[in-house]
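Grab a pencil and work through the exercises below with the structure open beside you. Try each task before you read its solution.

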Amino acid sequence: DLKIQMSFPFSLLCLQVIKCKAAVLWEANKPLSIEEVEVAPPKEHEVRIKIVATGICRSDDHAITGALVMPFPIILGHEAAGVVESVGQGVTSIKPGDKVIPLFVPQCGKCKSCLNTKGNLCCKTEPLSNILGTSAGLMPDGTTRFTCKGKAIYHFLGTSTFTEYTVVHESAVAKIDSAAPLEKVCLIGCGFSTGYGAALQTAKVEPGSTCAVFGLGGVGLSVIIGCKAAGASRIIAVDINSNKFAKAKELGATDCINPKDFNKPIHEVLMEMTGGGVDYSFEVIGRTDTMTAALACCQYNYGISVIVGVPPAAQKITFDPMLLFTGRSWKGSVFGGWKGKDAVPKLVADYMKKKFVLDPLITHTLPWTKINEGFDLLRTGK
């Protein structure tokens with residue numbers, strides 16, 4: 001009897017709709033609007049999270065500008081950390097009060113990709129559709145947990161973190177160290193893990209190698225951290241904003257070059273600097289011209305180039321196939337190749353052990369009601 005009485009209030013709590021503030025994008029190319037939304041309770045195998053800290057990412061901006069095709073209205077955001085508020089029926093791995101990171105690349109543990117050691121893009125969940133540009137913006141059961149002004153609000157990448165509370169599927173959340181500072185480790189939800197893993201997981205950078213990193217935003221800087229951790233002897237940072245060079249060198253870049261300073265294509269500059277091309281290159285911008293330049297700057301026979309930046313929708317690449325025929329490899333990397341539920345807790349543990357730093361990646365801390373100012377900072381390279 002005592003057990004029933006103690007569990008009854010919690011059952012009622014799980015059934016409650018939460019009203020809270022969220023940043024809603026009503027249509028493309030408009031500012032985010034701070035609104036009161038209703039967040040439904042978690043259904044079976046779902047988790048409702050109180051978001052404590054969220055970063056903004058270029059992928060969120062791609063959704064705002066229409067470069068990523070998304071349904072509207074929508075709550076964006078996918079790089080965050082928070083505390084579990086309640087769980088749905090059947091959730092056993094996570095409980096209320098746990099510190100967690102939502103996963104825009106979930107891990108069901110059962111599909112072909114999850115069972116294969118080489119892959120990390122779970123086949124059975126909505127975020128894969130987001131990446132492929134066929135998103136419905138819904139939970140796995142085909143419905144949404146958000147409403148605002150009587151309208152259904154769509155989910156983004158299965159996470160939607162620009163809100164005080166969100167609901168995610170159990171496969172899309174990782175429990176982390178209860179001592180972890182959420183305002184720092186939220187970066188492990190996307191930007192840091194994506195760059196760091198591109199170097200360590202996807203490219204598998206080797207000690208003594210030479211690397212080139214195109215784009216010095218948070219993800220590009222995280223690639224540099226990964227290349228340095230892997231023991232690269234030379235890390236060349238490439239960006240048209242020279243103001244980013246000091247931070248790149250602080251994190252491990254040995255050379256910094258601005259394509260605007262040269263009268264020849266940047267891949268030719270890099271080929272000359274390295275005596276025939278780099279061992280590994282990373283495109284961390286999301287532009288087709290820099291993707292082909294990154295491929296071309298690799299050593300012609302064994303160089304590996306990794307696409308890390310999200311490609312723009314409906315754009316194609318034209319390139320000379322001889323670039324690949326001679327032996328170069330071209331690879332893609334989503335979320336750094338990590339399997340989220342397995343890797344994120346370990347990455348947080350490594351951060352707690354000071355195996356890498358996150359503080360230099362945080363340029364501004366704003367109240368989230370100033371989220372549009374955050375996007376202005378992103379767009380102006382600050």
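**Exercise 1: Helices over the sheet**

Helix H10 (residues 288–296) lies across strand E10 (210–214), E13, E14 and E15, running at about 175° to E13. Before going on, note that this is a predicted model, where local features need pLDDT of at least 70, side-chain atom pairs count only at pLDDT 80 or more, and totals for chains, interfaces and linings use all residues. Residues are numbered from 1 along each chain as its sequence is written, and side-chain values use heavy atoms, with hydrogens and water left out.

Task: find which strands helix H6 lies across, and its angle to E13.

Solution. Start with the terms: helices (H or I, at least four residues) and strands (E, at least two) are DSSP runs, numbered from the N terminus. Axes are lines fitted to C-alpha atoms, for helices over the stretch in contact, and angles run from 0 to 180 degrees between N-to-C directions. Now pick out H6 (residues 191–203): this helix lies across strand E13 (280–283), E14 and E15, at about 135° to E13.

**Exercise 2: The sheet itself**

Task: write down the strand order of the open sheet and name its edge strands.

Solution. Two strands pair if DSSP finds at least two bridges between them. Following the pairs through the six strands gives E12-E11-E10-E13-E14-E15, with parallel pairing. The edges are E12 (255–257) and E15 (329–332), each of which pairs on one side only. For a closer look, take E14 (residues 304–307), which runs parallel to E15 and is joined to it by four bridges. Ile304 stands opposite Ser329 in E15.

**Exercise 3: Two crossing helices**

Task: work out how H2 and H13 are oriented to each other, and which residues make the contact.

Solution. The axes of H2 (residues 58–65) and H13 (residues 371–379) come within 11 Å and cross at roughly 100°. Angles under 35 degrees count as roughly parallel, over 145 as roughly antiparallel, 65 to 115 as roughly perpendicular and the rest as oblique. So H2 and H13 are roughly perpendicular to each other. Contact means heavy atoms within 4.5 Å; here Arg58, Asp60, Asp61 and Ile64 of H2 meet Phe375, Leu378 and Arg379 of H13.

**Exercise 4: Between the domains**

Task: say where the two domains lie in the sequence and how far apart their centres are.

Solution. Domain bounds come from an automatic or database domain assignment, which gives domain 1 (50–190 + 338–380) and domain 2 (204–332). Taken over C-alpha atoms, their centres are separated by 27 Å. Finally, 10 residues of domain 1 are in contact with 10 residues of domain 2.
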